[in-house]
2 protein chains.
Amino acid sequence: MSEKTAAILAIGDELLSGRTRDANLHFLAGWLTERAVNLREARIVPDDFDAIAGALNALRAKYDYVFTSGGIGPTHDDITVDAIARALGVDVIVHPEAKRMIVDWYKARGEDVTDARLRMARTPDGAELIKNAASGAPGVRIGNIFVLAGVPRIFQTMLDAIEPEIEGGDRIFSKAVTVRNLPESTLAAQLLKIQTAENGVSIGSYPIDGDVKGVTIIVRSTDIGLIDRAIKSVCDEVASLGYEAVDGDHHG
Amino acid sequence: MSEKTAAILAIGDELLSGRTRDANLHFLAGWLTERAVNLREARIVPDDFDAIAGALNALRAKYDYVFTSGGIGPTHDDITVDAIARALGVDVIVHPEAKRMIVDWYKARGEDVTDARLRMARTPDGAELIKNAASGAPGVRIGNIFVLAGVPRIFQTMLDAIEPEIEGGDRIFSKAVTVRNLPESTLAAQLLKIQTAENGVSIGSYPIDGDVKGVTIIVRSTDIGLIDRAIKSVCDEVASLGYEAVDGDHHG
């Protein structure tokens, strides 16, 4: 099968201190799944040159696409562009088109074009720009790295802008069934048997913990026929235990 | 200063497919901050031997503590224990005390002790157990690695159990002020000036995006006196721009 892979590198002290709960990773995961790109790894690092550069170099060598979020604003603690340039061994330049976009954005709003705002026109040498419909200052693409803003609304508008550049692999389909009140350990041997018999599918078992107890079984494959066969086997095993499997995913 | 560092490795296909939004990372971040341990990195990897083992070996060499979450249940897709044993180059054994805990737990509830349930008594050779008050099957500590469950309620009860084993470093204090309606770019030059003058503090600037616009400034240090001085400088600069800084953190 043809596969496209990706990683996300979320950058920011606030994500690791407990102040802010990252929202971009989860959003990107769903967005990539819809586009048949397999998100294989996520990392979160602080606003630290070596941490950013080290993670970036590991990820860009390993996956088709790397998305970064955060650290591209106007303040002194926004060091993502500099860290990425260092990781790539290239200079940081003032990108003429980025500068024009920022000047136009603030002039149109009657606001001053300060040095801090122009800081957001700096990019690694050789980068292309990613349009930011939400707040003017662009994101950056260089090679297989997409450098996006950390503010979720801006992160998402930048994803809209790069969508045509993202190529998916073979589509992976999935189906889910949920069984209320069945502990996953009761079904474990049967799931192992089905997984062993069905090479072309991946079967995941997710306990539900909350007001409702039970388990959700998700079967994934590029082949819907194989999924249907495995789901039927799961439903048969569940029925033979005296429980009922219903369609759909209960997010436990 | 004396510092203790940590990383978290969250394990599970469902975290990278967009199905499940990880909750343990954010919880652990706050928990460690309260205990003066510096969470320096987070990674999320799928249920894959090489991905788990590779990430674990990178993290355990670099940080004082590594916490894993997920993949220690009774089903075939729970491979964390095996992957960690492989990373450490040790065997997987059936831990006698873990077996006893699981047998007792299910017997007390009148349930069968199946092979699947006993699968949760397997640990890397040389591991100690972490008590699980919520569902019986223990977590595992081996060296500086704490292997915890992925279900948030169980993850948290296991953190309770290991709390006495976690040693913090020097306490890092923080204070925050929020300025409504002030774009962070307007304050950027002043923040840079204060950060440059104040070596012993770390100043973070976080734009607020939502119904309320503005910026939150957070100053962190081991020295409260230095924090107060930097916060006063920030408030003075904000006032000279004609805005008002109020105490507290607006989570933007």
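Two strands pair if DSSP finds at least two bridges between them. In this predicted model, S2(A) and strand S2 (residues 38–45) of chain B meet that condition, pairing in the antiparallel sense over 3 bridges. One residue in this pairing is Ile44(A), whose bridge partner in S2(B) is Ala42(B).

**The interface of chain A and chain B**

The contact involves 60 residues of chain A and 60 residues of chain B. Between them the two chains bury about 4,700 Å², and 52% of that area is on carbon and sulfur atoms. On the side of chain A, the residues that lose the most area to chain B are Arg19(A), Arg21(A) and His76(A), which together account for 17% of what that side buries.

Arg19(A) also takes part in a salt bridge with Asp249(B), with 2.9 Å between the closest N and O atoms. The interface of chain A and chain B has 6 salt bridges by the rule used. Polar contacts between the two chains come to 20 residue pairs, with both residues at pLDDT 80 or more. Several elements of chain A each supply at least two residues to the side that touches chain B, among them helix H2 (24–34), strand S2 (38–45), helix H8 (184–197) and strand S11 (214–221). By class, that side of chain A has 22 nonpolar, 20 polar and 18 charged residues.

**Salt bridges within the chains**

Over all chains the count is 35 salt bridges. Three that lie within a single chain are listed here.

| Residue pair | Closest N to O distance |
|---|---|
| Asp104(A) and Arg100(A) | 2.7 Å |
| Glu41(B) and Arg43(B) | 2.7 Å |
| Arg117(B) and Glu111(B) | 3.2 Å |

Asp104(A) and Arg100(A) are both in helix H5 (residues 96–108) of chain A, 4 residues apart, about one turn of the helix. Asp104(A) is partly exposed, at 40% relative accessible area, and Arg100(A) is partly exposed as well, at 43%.

In the pair from S2(B), the limit for buried is under 20% relative accessible area. Glu41(B) is therefore buried, at 4%, and Arg43(B) is buried too, at 8%.

The third pair is mixed: Arg117(B) is buried, with 3% relative accessibility, while Glu111(B) is partly exposed, with 33%.

Salt bridges can also join more than two residues, as in chain A, where Glu34(A), Arg35(A) and Glu163(A) are linked in a network.

Technical notes
Residues numbered from 1 in each chain as written. Chains lettered and ligands numbered in written order. Predicted model: local features only at pLDDT ≥ 70, side-chain atom pairs only at ≥ 80, totals over all residues. Heavy atoms only, no water. Contact = heavy atoms within 4.5 Å. Buried area = accessible area lost by both parts, 1.4 Å probe. Salt bridge = Lys/Arg side-chain N within 4 Å of Asp/Glu carboxyl O. Polar contact = N/O pair within 3.5 Å; in protein donor to acceptor, adjacent residues only side chain to side chain. Nonpolar A, V, L, I, M, F, W, Y, C, P; charged D, E, K, R; others polar. Buried < 20%, exposed > 50% of the residue type's maximum accessible area, 1.4 Å probe, protein only.
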